[in-house]
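I set out to look up the disulfides and the internal cavities of this chain. My entries are kept in the order of the search.

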Amino acid sequence: MKWVSTKSEGKMLFKSKLKWVALAGLVLSALSLFTHFLLAKQTYGIISEYHSSVTIISWRPKFKKSDLSTNNPSNRRLWAPVRRLESLHPHANPSGDYAAPEIQSTGFIFVKIRGGFHEIRNAISDVVAVSRLLNATLVIPEIQSTTSSKGISTQFKSFPYLYNEDQFIAALAKDVKIVKTLPKNLKGARRKKEIPSFKVPHGASPYYYLHHVLPMLTKHSVVELLVSSGGCLQSILPPHLVEYQKLRCRVAFHALRFREEVQNLAMIILNRLRASGRPFIAYDPGMTRDALAYYGCEELFQDVHTELIMHRRAWMIKRRLLKGNLSSDSAENYRNGLCPLMPEEIGILLRAYGYSSDTIIYISGGEVFGGLKKLIPLHAMFENVVDRTSLSSTMEWDKVYGRETNLVDEYSMTPPSANLDMRSKSWKTSGPRPRPLPPPPARPKMYNVEGWWGWVAESDNEPESTIVELRTNAHRLLWEAIDYMVSIEADAFITGFDRDGKGNPNLASLVAGHRFYQSPASRTYGLDRKEIAKLFEEIRESLYQPNRTWITSLHKQLRRSLMDGLLEESKKSKPLSFLSFPVPECSCMVDDSTKSPVNASSGPLPHSEIPVFLGQVDPCPAWMNGATSSQSREETEEDNEKDDSTSLGLFFGLSNGNQEGEIGDASNKEEALVEDQEELEGGER
């Protein structure tokens, strides 16, 4: 009996061990599944790291670490700040007699803003200045590009979809009283359309607001402003209103900050760009369909793209947005600098100037009309051509977009007509070959974002915007916000075009203005497209084999663009958009006379030699004097004696020892040294 008992106990012990083994197996299986899903998620993140739901560039960057020491004259010539502008500093603080807003306001200003990214940004800075001028309380503006969209995340209202609402209110507390909504009684009156409404013209004068808007505001305690063409206040104000110009700068460059999700993604992209320790160029092609149509540049494209541009131009003429004929001489417009420089031409300029093939180029801007095909030549010259989609993942963009509703009916196909059905049926049942060609397949009258527009040959009117397009319009604001932040921080900035489809400064002009305010000495190439067009006409038959004389002329032109380009920008853009050139109103000059650099010729120019086109620049406050410049001035003559012949001889890796004007002789070396010194100085001597 005792033996049987022992045997049964052994069986029970064995079963107990089996249970523990089985339990351990289940735990290990659960851990294995958890690890599997975790690895799968990480793998998905890695695979999609450089892809996004709206891909523009599919090339994956291949950043390599490289020695770009500032001791190298060639690197300084390509990336160093412009010395002549190092004494300028941002200074938009109000003067001592600037009073706080009055407690008792004249009423509420409610604003509706329609337009693209640059038009919204211009308009917001203007309406704040108008509110200050009228001593009114500003209601957070309503951005029509988001409120008219379908399916975007409901967690964001109109203004906070793009900007940080609380930061905007807090930053301007000492300038203008701002509230998020109208009081209930006025809100009801607005819904019933019982409040006066003004469709404000572009660039309205202070007189317009003081003599037309203010009386109605005082009478009704609220007015509604409809802004549809960008800036709603005169760009250049009289000298006694300089405080309103400074206020515009405080709004655009300090108060208008993007919401946290947008800023975080922009910083992620910037960190990935700078991970290799290399500088990068931001390039805005400016090739939008509206701009090409407005300036008559349709012949720069081919096939359906030309038809689309012509179609848009006819639409503008019909609605009196454009004066002129439907047909225009695109070649003549290009020679006059009215058309954008193509990405291929920008690539040739940068390579001829000395930027190597592994230079990182970030494509900015919300639209590149013509798509990836137009960027292929640029990528053939530079292996690291990237944009926001190639440096971010789908999951990262989902955080920016928020929880959006699913779009079900993306492409509503209209059923084919009965006649078309009969034709198709008769073709199938017809006798032996040869048969007539089958009828064309049915197409909805809408266009596809990938580049085929089926309605062009079928209708004179463009189709109504689909739900997808409405959502894309809202997303485009976020895309351009990311590009805006990255372009401001770029080591160099260059643009192919600086005008939009209404003849006003575009996103690139805003970027240039912000860079000139924040870091005046940063390298921003203000290209003279008319002069560049002349240079390309000289070598049109041999674009990739220019001679040394042509390259030298190009060097001089790009050197001038760092200074003279600013002058041209001040003449063309400032009368239309103050933010495109906020100098001298929002800048000051540091007194560096107390410092004596080792090499006086390489330091910033004295106060009296700062370019006169900047106007009268006020001296900076005493606490700003002696601020260190972004570029070390203690450079000796020995640095300038280094030969940088590669900047002229290296062009797509080609060198021709027998070419006329070879740079190997001593006289050409001396000329190259002089040119390098001039480029380091930032302009012609």
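The entries below take the disulfides and then the cavities.

**Entry 1. Disulfide search.** I note at the outset that the model is predicted. I searched the whole structure for disulfides and found 3. Counting the bonded cysteines along the chain, I read the pattern as 1-4, 2-3, 5-6.

**Entry 2. Cys 249 and Cys 586.** I recorded a separation of 1.9 Å between the sulfur atoms of Cys 249 and Cys 586, which form a disulfide. Which parts of the chain does the pair link? I placed Cys 249 in helix H8, residues 242-255. Its partner, Cys 586, is in the loop between helix H21 (564-572) and strand S13 (587-589). The two cysteines are 337 residues apart, and the pair thus links distant parts of the chain. I then looked up the torsion about the S-S bond of Cys 249 and Cys 586; it is about 90 degrees, so this disulfide is right-handed. I also checked accessibility and found both Cys 249 and Cys 586 buried.

**Entry 3. Cys 297 and Cys 339.** The sulfur atoms of Cys 297 and Cys 339 are 2.1 Å apart, and the two residues form a disulfide. Is this link left-handed or right-handed? With -95 degrees about the S-S bond, I entered the link of Cys 297 and Cys 339 as left-handed. Both ends are in loops: Cys 297 between helix H10 (289-294) and helix H11 (303-318), Cys 339 between helix H12 (330-335) and helix H13 (343-353). These positions are 42 residues apart in sequence, so the pair ties together separate parts of the chain. Cys 297 has a relative accessible area of 0% and is therefore buried. Cys 339, at 1% relative accessibility, also counts as buried.

**Entry 4. Cys 588 and Cys 620.** I found a disulfide between Cys 588 and Cys 620, with the sulfur atoms 1.9 Å apart. Cys 588 belongs to strand S13, whereas Cys 620 lies in the loop between strand S14 (618-619) and helix H22 (637-640). The pair is 32 residues apart and links distant parts of the chain. The torsion about the S-S bond of Cys 588 and Cys 620 is about 90 degrees, so I noted this disulfide as right-handed. For burial, I obtained 0% relative accessibility for Cys 588, which counts as buried. Cys 620 has a relative accessible area of 7% and is buried; the cut-off is under 20%.

**Entry 5. Cys 232.** I looked up Cys 232 as well, and at 1% relative accessibility this residue counts as buried.

**Entry 6. Largest cavity.** I turned to enclosed space and counted 5 cavities of 30 Å³ or more. The largest cavity has a volume of about 230 Å³. Which residues are closest to its centre? Of the 22 lining residues, I listed Thr 495, Asp 498, Tyr 525, Gly 526 and Glu 569 as closest. Strand S11 (492-495), helix H18 (507-518), strand S12 (523-525) and H21 each give two or more residues to this lining. By class I entered 9 nonpolar, 8 polar and 5 charged residues for the largest cavity.

**Entry 7. Second largest cavity.** I recorded a volume of about 70 Å³ for the second largest cavity. Its lining includes Val 82, Leu 85, Arg 515, Phe 516, Pro 520 and Leu 566. Which element gives the most to this lining? I found H18 to give the most, with 3 residues. The lining of the second largest cavity divides into 7 nonpolar, 3 polar and 1 charged.

Conventions
Residues numbered from 1 in each chain as written. Predicted model: local features only at pLDDT ≥ 70, side-chain atom pairs only at ≥ 80, totals over all residues. Heavy atoms only, no water. Disulfide = S-S within 2.5 Å. Helix = DSSP H or I, 4+ residues; strand = E, 2+ residues; numbered from the N terminus. Buried < 20%, exposed > 50% of the residue type's maximum accessible area, 1.4 Å probe, protein only. 1 Å grid on protein atoms, 1.4 Å probe; cavity = no way out; pocket = protein on both sides within 12 Å on 5 of 7 lines; lining within 4 Å. Points joined across faces, edges and corners; volume = space filled by probe spheres on them. Nonpolar A, V, L, I, M, F, W, Y, C, P; charged D, E, K, R; others polar.
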